[in-house]
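Here are some short exercises to work through with the model open beside you. Try each task on your own before you read the solution.

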Amino acid sequence: MESLALLFTGGALLAAALYWFVCILGPAEQKGKRAADLSAGSISAEKVQDNYNQYWSFFRRPKETVGVADKVPDFVDTFYNLVTDIYEWGWGQSFHFSPSLRGKSHAEATCLHEVAAADLIGAKPGHSVLDVGCGVGGPMRAIAAHSRAKVVGITINDYQVKRARDHNRKAGLDALCEVVQGNFLEMPFPDGAYDGAYSIEATCHAPRLEEVYGEIFRVLKPGALYVSYEWVTTEKFAANDAEHVEIIEGIERGDALPGLRSVGDIGAAARAVGFEIVAERDLAAPPAGPWWSRLKFGRIAYWRNHIVVSVLAAVGVAPKGTVDVHEMLCKTAEYLTKGGEKGIFSPMHMILCRKPATEKETAP
Ligand SMILES: C=C(CC[C@@H](C)[C@H]1CC[C@H]2C3=CC[C@H]4[C@H](C)[C@@H](O)CC[C@]4(C)[C@H]3CC[C@]12C)C(C)C
Ligand SMILES: C[S@@+](CC[C@H](N)C(=O)[O-])C[C@H]1O[C@@H](n2cnc3c(N)ncnc32)[C@H](O)[C@@H]1O
């Protein structure tokens with residue numbers, strides 16, 4: 001009788017532990033979303049593996065193939081159908097890095113990095129501000145709450161639009177935050193519509209930076225400011241160093257990038273479309289703490305997440321291809337960490353630009 005009770009208690013404990021491990025557990029860093037929500041609401045379960053294979057086929061063709069640039073927005077959309085749920089689960093609602101700050105949590109450092117962008121462009125109540133590549137709206141909500149400006153976000157990905165709108169409603173910020181599905185290379189907004197604009201780790205997805213900067217320039221009012229946190233290779237990157245090249249290509253493959261730009265390309269693209277540059281600097285440079293420290297949450301945590309994803313896929317809660325996508329992200333995290341440690345890559349090269357106030361100022 002006693003051994004039966006023991007067996008029963010042991011079984012109950014094991015079941016509770018399994019339930020906690022699979023259904024409740026979020027990664028140590030952030031409780032954004034429960035593991036059980038990894039059901040890839042973006043696309044139907046059968047399509048995940050297909051979309052994953054389709055995603056990789058993009059990298060199998062030579063970069064210089066004619067017409068590839070036109071396919072980039074679709075390829076980026078496919079990528080976000082695959083990763084949005086995992087990002088939210090494992091990272092939170094802000095899909096970007098931030099310098100780590102002594103005495104501050106990751107959530108606090110993330111928020112400070114976001115509101116710094118709002119302060120740089122002078123966002124204030126009554127302003128209408130554009131968020132170029134808004135994800136599920138983490139930055140948009142922080143910026144609207146901080147500045148009380150109205151924020152309009154645009155993303156290529158339909159599923160992110162839905163997620164962002166749900167989050168805005170839950171946060172009670174839907175009067176200040178609007179989300180639009182569209183391509184930031186051809187934005188559905190009239191000329192001179194916005195008092196300011198920002199992009200956080202999003203324009204790196206554009207095949208040609210001038211195209212997205214040109215669109216942002218067009219929709220800004222004369223005199224308005226635009227700030228961007230750009231992904232770049234730094235001056236330390238050596239194109240003839242095989243290890244450097246492997247790291248940068250690893251980052252491109254794991255993050256849906258048509259090709260990383262070097263630090264000098266950013267200002268050149270901004271000037272080419274008519275912006276004047278107010279400030280430009282790498283926010284990852286010392287004394288900033290390492291942005292990649294958050295990625296180093298340890299092999300055990302990655303393994304735990306891998307097990308959670310594999311169990312969910314095996315029992316049919318998450319689509320099968322999720323395991324491959326998670327595996328890809330594990331590798332990406334390693335490349336990003338190496339890029340940060342070697343100082344050859346930064347995800348936060350800041351450029352602050354102004355659209356000249358008068359047409360005369362724009363003339364060459
Ligand atoms: C700006 C972009 C995205 C930047 C980051 C938000 C994401 C880059 C790599 C992602 C992750 C890597 C490892 C994942 C881990 C294996 C998983 O268990 C939990 C989620 C990760 C931590 C995931 C989270 C988001 C990133 C840090 C790009 C796309 C331009
Ligand atoms: C890494 S996420 C960053 C999201 C958000 N800025 C944040 O920090 O949380 C990049 C975003 O850019 C968007 N994006 C990429 N290419 C785009 C395009 N051509 N048009 C519109 N949005 C695009 C993606 O859909 C995604 O929302």
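**Exercise 1. Find which backbone atoms lie close to polar atoms of ligand 2, and work out how much of the ligand the protein covers.**

Solution. This is a predicted model, so read every distance below as a computed one.

Step 1: Start at Phe95, where a backbone N or O atom sits 2.7 Å from an oxygen atom of ligand 2.

Step 2: Go on to Gly135, which has a polar backbone atom 2.9 Å from an oxygen atom of the ligand. At Ile156, a backbone N or O atom comes to 3.1 Å from a nitrogen atom of ligand 2.

Step 3: Now for the cover. On its own, ligand 2 has 590 Å² of accessible area, and the protein covers 97% of that.

Step 4: Look at the whole shell. It holds 19 residues, and the closest are Phe95, Gly133, Thr155, Gln160 and Phe184. Sorted by type, the shell gives nine nonpolar residues, nine polar ones and one charged one.

**Exercise 2. Decide whether Glu88 is buried or exposed, and find the side chain with which Glu88 makes a polar contact.**

Solution.

Step 1: Locate Glu88 in helix α3, which covers residues 68–90.

Step 2: Check the accessibility. Buried means under 20% relative accessible area. Glu88 has 1%, so Glu88 counts as buried.

Step 3: Look for a partner. The Glu88 side chain makes a polar contact with the side chain of His167, at 3.1 Å.

**Exercise 3. Take the salt bridge between Glu215 and Arg218, and say where the two residues lie and how accessible each one is.**

Solution.

Step 1: Recall the basic idea: side chains of opposite charge can pair when their charged atoms come close.

Step 2: Check the distance. From N to O, the Glu215 and Arg218 side chains are 2.8 Å apart.

Step 3: Place the pair. Both residues belong to helix α7 (residues 209–219), and they are three residues apart, about one turn of the helix.

Step 4: Compare the accessibilities with the 20% cut-off for buried. Glu215 has a relative accessible area of 12%, so Glu215 is buried. Arg218 has 22%, so Arg218 is partly exposed.

**Exercise 4. Work out which parts of the chain are tied together by the salt bridge between Glu276 and Arg354.**

Solution.

Step 1: The two side chains meet at 2.7 Å, N to O.

Step 2: Glu276 lies in strand β7 (residues 276–282) and Arg354 in strand β8 (residues 345–354), so this pair ties together parts that are 78 residues apart in sequence.

Step 3: Now the accessibility. Glu276 is partly exposed at 29%, and Arg354 is partly exposed too, at 22%.

**Exercise 5. Put the salt bridges in context: how many does the structure hold, and which residues form a network?**

Solution.

Step 1: The count for the structure is eleven salt bridges.

Step 2: One of them joins Arg208 and Glu211, with the closest N and O atoms 2.8 Å apart. Arg208 is partly exposed at 42% relative accessibility, and Glu211 is partly exposed at 32%.

Step 3: For the network, pick out Lys162, Asp166 and Arg169, which salt bridges link together.

**Exercise 6. Track down the backbone oddities at Arg148, Ala256 and the Pro286–Pro287 bond.**

Solution.

Step 1: Arg148 isn't a glycine, yet has a positive phi of about 60 degrees. You'll find Arg148 in the loop between α5 (138–147) and β2 (150–155), and Arg148 is partly exposed at 46%.

Step 2: Ala256 isn't a glycine either, and has a positive phi of about 55 degrees. Ala256 sits in the loop between α8 (242–254) and β6 (261–262). With a relative accessible area of 0%, Ala256 is buried.

Step 3: Pro286 and Pro287 are joined by a cis peptide bond, with omega at about 15 degrees. Pro287 is in the loop between β7 and α10 (299–314).

**Exercise 7. Find the domain that UniProt places on this chain, and describe its secondary structure.**

Solution.

Step 1: An unreviewed UniProt entry gives "domain: SAM-dependent methyltransferase Erg6/SMT-type" at residues 79–356.

Step 2: Residues 79–356 are 44% helix and 20% strand, and the end C-alpha atoms of the span lie 36 Å apart.

Note on methods:
Residues numbered from 1 in each chain as written. Chains lettered and ligands numbered in written order. Predicted model: local features only at pLDDT ≥ 70, side-chain atom pairs only at ≥ 80, totals over all residues. Heavy atoms only, no water. Salt bridge = Lys/Arg side-chain N within 4 Å of Asp/Glu carboxyl O. Buried < 20%, exposed > 50% of the residue type's maximum accessible area, 1.4 Å probe, protein only. Helix = DSSP H or I, 4+ residues; strand = E, 2+ residues; numbered from the N terminus. UniProt positions renumbered as here; feature names shortened; annotations may be inferred. Near = heavy atom within 4 Å. Polar contact = N/O pair within 3.5 Å; in protein donor to acceptor, adjacent residues only side chain to side chain. Areas by Shrake-Rupley, 256 points an atom, 1.4 Å probe, with all protein chains shown as cover. Nonpolar A, V, L, I, M, F, W, Y, C, P; charged D, E, K, R; others polar.
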